[in-house]
Amino acid sequence: MKRISKCFLALFLILSMCLSTYKTVEVSSKANMIITQTSDKLLGNFIGSAYNIFYGREADLDGFRYWYNMLSTGKVSARTFIEKFVLESKEFLDSVKLKEEFISKIYRFIFGRDTDKQGKQYWLDYIDGRILYYYRSEYPSTYKNSEILILRWNINDSPKVISDVMNKLIFSDEFAVRISLMNIKLDKNNVNIPVNRTDALSIYNLLENDIKLVDYTDEIEKRKQEALRLEQDLINRVGSSRLKNKILTYLGDMVNNVAVSFYDVTTKESFDINGDVLFKAGSTHKVPLNIVLYDLVQSGKINLNSKVEYVHSQHYEGGSGVLQGYLVGEYLPPQTFAELSKRSLLNSDNIAANMLITGINQVTSLYREYGKILEEPLNRTGNLFSTNEMRKFLLKLYENKDNNPYYKNIIQYLKDSSTGVRMGRYIPEGIVANKYGSFQGNYHDIGIVFGDRPFILVIYTKDLSNAEKVIADISKIVYER
C-alpha cells in the first residue's frame, strides 16, 4: 500500500512540474507576442512617418506592405530603407531643396522630434563644411567660400553631403536604440528577427499620421534669384578681369604712369588700375562742377538766369576758352550761370569754370557737395581727383536717379565738344560724351560712351610722351571688348 502511495505522489509531482512548465511557456509566449506586436507597431509608424515627413502624404498600402515585409523579415536594413526614400527618391528630391528643410525633415524622421536652434545651426555648419570639402575644387580659386555656398543653395546639388548627413545620424546611439525596439536591422548587423510578426494590413490600419506641410516656395525663389544674380556678377567679374589684364598687358612698363577706371552700365562689371591715386584733374573737373551746379538748380538754390560778377584777380586764367576774348582790360560783364555752364563744357572755358566755382561757393561749399556725391568727406583743395572718384560722378550723371532735367544739358555739351581725339579717336562719332583735360603736360579724358554696350571710362596719365595715343588705344580696347 505504501508503495502505491509513493507512486501516486511521484506521479503528482511530475504532473505539477509539467503544468508549471506549461504555464511558464504560455506566459513567456504571450509576453513575446506582446513585445513583437509593440515592435511591429513601432515599425509601422516608422515607415508611415517616412511617407509623412519625406513625401508629405500618407503611405499607400502597397508601398507600406512592401517596406514592412522587407524590414520585418530582415531582407533590408533601416539604412537601405532611408537611402531608398531619400537618395534615390525623385519624389523627395523634387520636394526638398533647402538645407534647412532637409535638416528639419531628416531630424524629425531619425529621432522623432524637431531639432533645437543650436542643433540646427550645428547641422547647417556641418553641411556647409561638407559642401566645401567635396565641391570647392569645381570653382575658380577667386570665388569666396560664401559665394560657393550661395551658388549651391539647392541641397540636391550635393548628394555626397546628403549621404554624409544621413550616415552621421543613422549611426548615432539614439537611432540605434529606436531601431532595436523595432526588431529590425540597422545596417548589416545580425539581429534576431521574430518569426511570427503582425501582418502588414493590421499594422497599416493602426498608423498614426502626422503630416506637417511648410511652404518654402518664397524662400526657394529668393535663394534661386540670389544665386542667379551672383552667378551673373561672377561672370562679369571674370569678364572685367580679362579686360583689365588686356589693358595691363598693353601698358607694360607704363602702368605706373596711368590710371584707369571702367564701368559697364549694363552688366555692372567694373575694374580700376591705380584708381585711387590722386591726379591734377585739369579741365575734367568741369564735369562734376556742372553736376553740382544743376543739382543746386533743381533744389532751387541757384537760378540759371542769375549772374556772377567777374573779378579779374580771382577768375582770370589763360588757356582754353572764349571769355578771355571778351575782356576789356580787366573788365568782363556779369555772366549768367546758364552761360557759364555752357562755356565751361562746350569751350572748356577756364574763366567760366572759375566764375561757376565762386557762384556755387556763395550758396554752399563746392567740395562739401562733392563729398555728398562721393559719400565721403572730401577734405582737399587744388583740383585733385582720382579716376575712381570721376567714375562715380559720371555714373551719377548717367543714372540720373533724381530725374534732374538739366543733366541732359551736360551730356549734350560733352557730345558737341568731342573733337575725335583721345577717347573719341577710334569710337564712332555721336556716341561719345567726353571731357578731356591737360595740366602741365599730363593728359586726361573722362566720358560716357553710349551705343549698344554703354560704358563709363576715366583715364588719367602723367609724364607720358605719347599720352594721347595711350588714351585712344585704351578706349579702343574697351570699346571692342
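Colleague: Which residues form a nonpolar patch on the surface?

Modeller: In this predicted model, the patch is made of L42, V177 and L181, and together they have about 260 Å² of accessible area.

Colleague: And where does L181 lie?

Modeller: In helix 9, which covers residues 173-182.

Colleague: OK, switching to the sheet. What order do the five strands have?

Modeller: The order is 2-1-9-8-7, in an open sheet with antiparallel pairing. Strand 2 (270-273) and strand 7 (432-439) each have a single partner strand, so they stand at the edges and one side of each has no neighbour in the sheet.

Colleague: How are neighbouring strands turned against each other?

Modeller: By 5° on average, ignoring direction.

Colleague: How many bridges do strand 8 and strand 9 pair over?

Modeller: Six, in the antiparallel sense, with strand 8 at residues 442-449 and strand 9 at residues 455-461. I446 stands opposite V458 of strand 9.

Colleague: Which helix packs on the sheet?

Modeller: Helix 19, residues 467-479. It touches strand 1 (258-264), strand 8 and strand 9, and its direction makes about 155° with that of strand 9.

Colleague: New topic: V165. Buried or exposed?

Modeller: Buried: the relative accessible area of V165 is 1%, under the 20% cut-off for that label. V165 lies in helix 8, residues 159-170.

Colleague: What does V165 touch, leaving out residues up to four places away in sequence?

Modeller: F102, W123, Y126 and I127. As for I127, it is 38 residues from V165 along the chain, yet their C-alpha atoms are separated by 7.5 Å.

How values were computed. Residues are numbered from 1 along each chain as its sequence is written. This is a predicted model: local features need pLDDT of at least 70, side-chain atom pairs count only at pLDDT 80 or more; totals for chains, interfaces and linings use all residues. Side-chain values use heavy atoms; hydrogens and water are left out. Patches are made of residues with over 30% relative accessible area and no salt bridge: like charges are joined within 9 Å, nonpolar side chains (Val, Leu, Ile, Met, Phe, Trp, Tyr) within 5 Å. Accessible areas come from the Shrake-Rupley method with a 1.4 Å probe; for residues, only the protein chains shown count as cover. A salt bridge is a side-chain nitrogen of Lys or Arg within 4 Å of a carboxyl oxygen of Asp or Glu. Helices (H or I, at least four residues) and strands (E, at least two) are DSSP runs, numbered from the N terminus. Two strands pair if DSSP finds at least two bridges between them. Axes are lines fitted to C-alpha atoms, for helices over the stretch in contact, and angles run from 0 to 180 degrees between N-to-C directions. Contact means heavy atoms within 4.5 Å. Buried means under 20% relative accessible area, exposed over 50%, partly exposed in between (1.4 Å probe, protein chains only).
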